[in-house]
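Biologist: I am new to this structure and should be grateful for a close look at one part of it. Please choose that part, and then relate it to its surroundings.

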Amino acid sequence: MVKKIAISSGKGGVGKSMLTANLALFFAQKYNIVAVDSDVDAPNLSLWLGEENKWSDKETISTKKKPQVHNDKCDDRCSKCPEQCQFKAMSWENNELKVNRFLCEGCGACQYFCPDGVIEMKPVNNGEIKIKTTQKGFPLVVGQLFPGETGSGEVVTKVKEKGSELLAEEDDLMLIDSSPGTGCSVIAALRDVDFVVLITEPTPSAYEDLRKVLEVVDHFNIPFGVVINKADLNSKLTTKIKKDYQDNFLGKIGYEEKVYELVSNFQPIFESDLEIKKDIKNIFNQITNKLWSDPKRKEK
Amino acid sequence: MSRIKEIAVTGGKGGTGKSTATILLAKKFFQAGKKVLVVDADVECPNDYLLLNQSLSTVVEKAYAQFPTLDKEKCRQCGLCTEACPNNAIFQAPGEYPVFNYDLCDGCGTCWNVCPYGAIIPKKKEIGKIYKNDIKEGFSLITGAAKPILEETSPVVQKAREVARAYAQEKGFDLILIDTAPGTHCSVIRALMNTDLVYAVTEPTPMGAYDLDLILDLVKKLDLKAEVVLNKAGVGKREKIEKVVRDYKLKITEEIPYSKKLAELYSRNKLSEFKY
């Protein structure tokens with residue numbers, strides 16, 4: 001079975017994509033991997049991998065339908081559709097039915113209840129999947145939700161399916177970079193994974209959000225490990241987090257201002273000689289130990 | 001009474017400093033004599049209360065969504081609801097009662113409206129809480145907090161905004177500042193809709209630039225006015241940010257300098273001591 005590891009955090013900007021990218025580079029030395037960016041609202045994994053924005057394959061996807069109103073067919077103005085809409089997405093404007101596409105969930109109740117066939121549910125292109133082979137030779141699959149569209153959870157599911165198609169062998173590995181938060185796209189990203197790496201930083205906000213995302217992790221009963229990024233920002237809180245999660249602690253990463261310069265030059269930390277590269281390597285070793293407790297594990 | 005001005009603080013990328021900018025901006029307006037109501041609309045991970053050294057203890061309202069329940073006495077197992085459900089969330093074996101799969105149900109109401117016997121009763125389920133903190137005279141916080149494992153969080157955002165508007169009217173606030181979630185998905189859209197101005201907070205990294213482009217695209221589609229706040233100014237490279245800002249014919253109107261000091265104050269909940 002292919003193993004799936006997701007990287008999640010609750011809070012945004014604490015280092016999910018940074019860690020996913022560099023773990024991918026470490027794992028790729030020993031295993032067949034695919035890296036999946038399921039942060040479909042703001043996919044940045046490719047940048048942390050130092051990859052250019054060029055793709056060998058791009059596929060537009062449609063996971064939603066939205067109503068198109070044929071006002072000319074609406075004879076009796078019965079108003080069943082706006083009354084029926086639970087999301088208050090339909091209204092009359094100048095004697096014409098209007099759909100607010102930002103409020104519409106695409107459930108199709110309006111179409112169902114219209115006696116005159118005024119409403120047609122039409123598929124919308126709400127996102128795309130981009131694929132490339134990275135400089136290190138492993139595939140990178142990126143999901144992108146088009147701004148203004150809904151259905152991020154479904155786009156996440158699609159991008160993971162695409163990633164699965166690219167791996168088959170036992171001990172192959174999928175690394176999934178999740179969105180921040182705890183809502184539909186995070187639920188879709190975590191739902192069927194074998195292990196979750198939760199990254200946090202020693203700030204009260206990140207610590208609180210770690211506990212929030214852990215409720216999702218526990219809901220699906222997924223084994224997890226905790227990483228503390230920028231650990232020296234607040235050593236007291238770092239100690240506390242480490243103690244709270246001592247059975248699940250994977251390691252810490254130091255605070256390093258040079259990261260911003262590196263990433264601005266498309267240079268992964270993996271390719272640098274920064275001290276934090278060792279921190280990440282240590283975390284990589286910890287995860288490997290947890291995932292393959294069998295010492296005879298198969299390597300590439 | 002005229003409508004109170006609403007300003008949203010968003011940014012696409014997580015961790016660019018939306019909450020930091022919200023608090024710093026709120027303080028700036030407050031010091032200029034405005035009565036400011038902050039709304040934390042990052043309902044999956046609300047953190048503004050922490051940055052303001054508050055705790056979430058006063059629930060002022062709850063957010064609900066409606067889900068179907070079955071009155072077996074009225075149900076005649078006709079199968080209309082199962083057939084009508086657009087999400088395939090109702091399962092019905094032959095000769096059995098319909099069963100609702102709440103993981104797939106989005107509460108669209110087709111089933112209870114289609115049922116000829118009134119056997120499906122919409123039932124309110126709590127999906128989140130709205131909290132209030134009065135911090136100083138003329139400086140308050142409304143926080144929306146979604147229940148964990150909730151797929152669709154935008155109704156909690158909606159509720160938080162409604163509560164905030166009513167409270168701001170009642171207490172005569174001059175300004176509502178809305179801190180959104182990261183990303184561009186439904187709950188962000190709900191936090192941005194119909195605001196008077198959007199501050200898009202970004203950072204001078206390629207990720208900041210990429211995500212700024214996405215959020216400004218959304219803001220444009222929502223037909224809203226926007227200004228850009230550059231956080232962590234001084235690190236990385238700002239050329240890419242400036243290009244995105246130019247492409248949308250916008251301006252960087254605020255800059256927050258990069259500082260480890262700020263990060264440390266943030267980590268100790270002492271953001272209010274930061275001067276810039």
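Modeller: In this predicted model, the C-alpha centres of domain 1 of chain A and domain 2 of chain A lie 40 Å apart. The domain assignment gives residues 3-61 together with 127-291 to domain 1 of chain A, and residues 65-124 to domain 2 of chain A.

The part I choose is strand β10 of chain A, which runs over residues 173-177 and is mostly covered, with five of its five residues buried. In a regular strand, side chains alternate between the two faces of the sheet. In β10(A), A:L173, A:L175 and A:D177 point one way, while A:M174 and A:I176 point the other way, and all are buried.

Two strands of chain A pair with β10(A). Strand β1 of chain A, residues 3-8, runs parallel to β10(A) and is joined to it by five bridges. Strand β2 of chain A, residues 33-37, also pairs with β10(A) in the parallel sense, over five bridges. A:L175 takes part in both pairings: it is the bridge partner of A:I5, and it is the bridge partner of A:A35 as well.

A:L175 also leads from the strand to the nonpolar interior. The largest nonpolar core has 139 residues, and A:L175 and B:A200 are those with the most contacts inside it. Helix α7(B) gives the largest share of this core, nine residues. Apart from neighbours within four places in sequence, B:A200 is in contact with B:T10, B:G11, B:L212, B:I215, B:L216, B:V219, B:A226, B:V228 and B:V229. There is also a second, separate core of 14 residues, and among its members are A:M90, A:L97, A:C110 and A:V118.

A:V118 brings us to A:H70, in the loop between β4 (64-69) and α3 (80-84) of chain A. With close sequence neighbours, those within four places, set aside, A:H70 is in contact with A:V118 and A:E120. A:H70 counts as partly exposed because it has 14 C-beta neighbours inside 10 Å. A:H70 and A:D116 are 46 residues apart in sequence, yet their C-alpha atoms are 9.9 Å apart in space.

The two chains touch one another, and this contact takes 50 residues from chain A and 53 residues from chain B. On the side of chain B that touches chain A, the elements giving two or more residues are α4 (110-114), α6 (186-192), α7 (206-221) and α9 (260-267) of chain B. The largest share of that side, eight residues, comes from α7(B). By residue type, the side of chain B that touches chain A divides into 22 nonpolar, 20 polar and 11 charged.

One residue that reaches across to the other chain is B:Q66, which lies in strand β3 (residues 59-70) of chain B. Beyond its neighbours within four places in sequence, B:Q66 is in contact with A:Q86, and also with B:G107, B:G109, B:P122, B:K123 and B:K124. B:Q66 counts as partly exposed because it has 16 C-beta neighbours inside 10 Å. From B:Q66 to B:C85, 19 residues apart along the chain, the C-alpha atoms are separated by 15 Å.

Key:
Residues are numbered from 1 along each chain as its sequence is written. Chains are lettered from A and ligands numbered from 1 in the order in which they are written. This is a predicted model: local features need pLDDT of at least 70, side-chain atom pairs count only at pLDDT 80 or more; totals for chains, interfaces and linings use all residues. Two residues are in contact if their C-beta atoms, placed from the backbone, lie within 7 Å. Helices (H or I, at least four residues) and strands (E, at least two) are DSSP runs, numbered from the N terminus. Ala, Val, Leu, Ile, Met, Phe, Trp, Tyr, Cys and Pro count as nonpolar, Asp, Glu, Lys and Arg as charged, and the others, Gly among them, as polar. Domain bounds come from an automatic or database domain assignment. A residue is buried if 20 or more other C-beta atoms lie within 10 Å of its own, exposed if 12 or fewer, and partly exposed in between; C-beta atoms are placed from the backbone. A nonpolar core is a set of buried Ala, Val, Leu, Ile, Met, Phe, Trp, Tyr and Cys residues joined through C-beta atoms within 7 Å. Two strands pair if DSSP finds at least two bridges between them.
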